[in-house]
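The following exercises ask the reader to work through a structure step by step. Each task is followed by a worked solution.

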Amino acid sequence: MQVLLVEDDTAIANSLGESLIAAGFEVDHVATGAEAIRAAFGDVVLLDLGLPDMDGYDVCRAIRAESDVPIIVITARGEELDRVLGLELGADDYVVKPFGFRELVARIRAVTRRARSVDDVGDAGEGDVLTVGPLTIDRRTHRVTLVADGVGSELALTPKEFELLAFLAEDAGAVRTRTDIVEHVWDANWFGPTKTVDAHVAGLRRKLGNPAWIAAVRGVGFRLDVPE
Ligand code: CA
């Protein structure tokens with residue numbers, strides 16, 4: 001598995017790179033955002049947010065504009081808002097410095113496994129397409145289309161927003177608990193702030209153009225409904 005490590009701190013990059021190689025990964029290391037954007041992304045990108053030349057968030061956004069490669073953000077910034085922003089920009093997961101190497105490897109395995117399972121859906125049949133009223137979610141092409149006033153338009157969702165919407169749509173009208181959502185959309189081993197779920201729900205509501213699409217059931221979770 002090929003890892004693109006984007007880290008300007010030489011000491012961290014060297015020790016992390018050596019550990020990753022010892023764990024069986026192939027590592028390509030760059031120290032700036034500009035190099036990261038031009039590099040081959042490989043199977044997973046480990047992206048330090050504090051880079052000398054560019055804001056890590058911009059790097060994240062630029063990579064995501066080009067590729068669906070899983071991105072794990074490495075951050076020293078502990079603020080929850082920053083974490084949520086990192087995920088909203090299309091990162092798949094994050095670790096906060098200092099982090100344990102085993103934790104990092106578990107996260108790499110989790111995000112790359114999910115990326116593969118999305119790819120593998122490949123040539124399956126109509127089970128890939130979920131339709132909820134005017135909303136169509138195609139897991140095979142990873143596209144979401146919403147028909148409004150007789151005109152269909154494609155929604156630009158982040159990978160996590162897509163997974164969240166698809167998970168809710170699999171059983172539209174039923175309540176999905178926060179725990180179920182975190183386990184299915186993120187990972188059973190994901191210990192991030194539960195506010196992240198709310199942030200993604202808010203993003204989806206905005207992109208769907210009507211907050212009534214996703215009803216919050218107080219103390220339980222969320223439900224996808226066709227707005228009246
Ligand atoms: Ca740094």
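## Exercise 1. The calcium site

D48 counts as buried, because its relative accessibility is 3%, where buried means under 20% relative accessible area, exposed over 50% and partly exposed in between (1.4 Å probe, protein chains only). The model is a predicted one, in which local features need pLDDT of at least 70 and side-chain atom pairs count only at pLDDT 80 or more, while totals for chains, interfaces and linings use all residues. Residues are numbered from 1 along each chain as its sequence is written, and side-chain values use heavy atoms, with hydrogens and water left out.

Task. State which residues coordinate the calcium ion and how they are spaced in sequence.

Solution.
1. The donors to the calcium ion are D8 (OD), D48 (OD) and G50 (O), at 2.1 to 2.4 Å. Donors are N, O and S atoms within 2.8 Å of the metal (3.2 Å for Na, K and Ca); water is not among the atoms, so sites may look incomplete.
2. The sequence spacing of these donor residues reads D-x39-D-x1-G.
3. G50 counts as partly exposed, because its relative accessibility is 38%, whereas D48 is buried at 3%.

## Exercise 2. The parallel sheet

Task. Determine the strand order of the sheet of 5 strands and the sense of its pairing.

Solution.
1. The open sheet has the order β2-β1-β3-β4-β5, with parallel pairing. Strands (E, at least two residues) and helices (H or I, at least four) are DSSP runs, numbered from the N terminus, and two strands pair if DSSP finds at least two bridges between them.
2. β2 (26-30) and β5 are the edge strands, each pairing on one side only.
3. From one strand to the next, the twist averages 20°. Axes are lines fitted to C-alpha atoms, for helices over the stretch in contact, and angles run from 0 to 180 degrees between N-to-C directions.
4. Strand β1 (residues 2-6) pairs with β3 in the parallel sense over 4 bridges, and V3 stands opposite V44 in β3.

## Exercise 3. Strand β4 and its surroundings

Task. Is strand β4 (residues 71-75) enclosed by the rest of the structure or left open, and why?

Solution.
1. Strand β4 is largely enclosed by the rest of the structure, because 5 of its 5 residues are buried.
2. In a regular strand the side chains alternate between the two faces of the sheet.
3. In β4, I71, V73 and T75 point one way and I72 and I74 the other way, and all are buried.
4. β4 pairs with strand β3 (residues 44-48) in the parallel sense over 4 bridges; V45 stands opposite I71 in β4.
5. Between β3 and β4 the chain passes through helix α3 (residues 56-66), and this β-α-β crossover is right-handed: with the strands pointing away from the viewer, the path from the first strand over the helix to the second runs clockwise.
6. Helix α3 lies across β3 and β4 and runs at about 160° to β3.
7. β4 also pairs with strand β5 (residues 93-96), in the parallel sense over 4 bridges, and I74 is opposite V95 in β5.

## Exercise 4. The antiparallel sheet

Task. Describe the open sheet of 3 strands and the helices placed against it.

Solution.
1. The strand order is β10-β12-β11, with antiparallel pairing.
2. β10 (175-177) and β11 (214-217) stand at the edges with a single partner strand each, so one side of each is left without a neighbour in the sheet.
3. Direction ignored, neighbouring strands of this sheet are turned by 30° against each other on average.
4. β10 pairs with strand β12 (residues 221-224) over 3 bridges in the antiparallel sense, with T177 opposite G221 in β12.
5. Helix α6 (residues 159-169) packs on the sheet and touches β10, β11 and β12, its direction making about 75° with that of β12; contact means heavy atoms within 4.5 Å.
6. Helix α8 (residues 195-208) lies across β11 and β12, running at about 150° to β11.

## Exercise 5. Positive phi in loops

Task. Where does H142 lie, and where does D149 lie?

Solution.
1. H142 lies in the loop between β7 (135-138) and β8 (143-148). H142 has a positive phi of about 60° although it is not a glycine, and counts as partly exposed at 28% relative accessibility.
2. D149 lies in the loop between β8 and β9 (151-155). Phi of D149 is near 50°, and D149 is exposed, with a relative accessible area of 81%.
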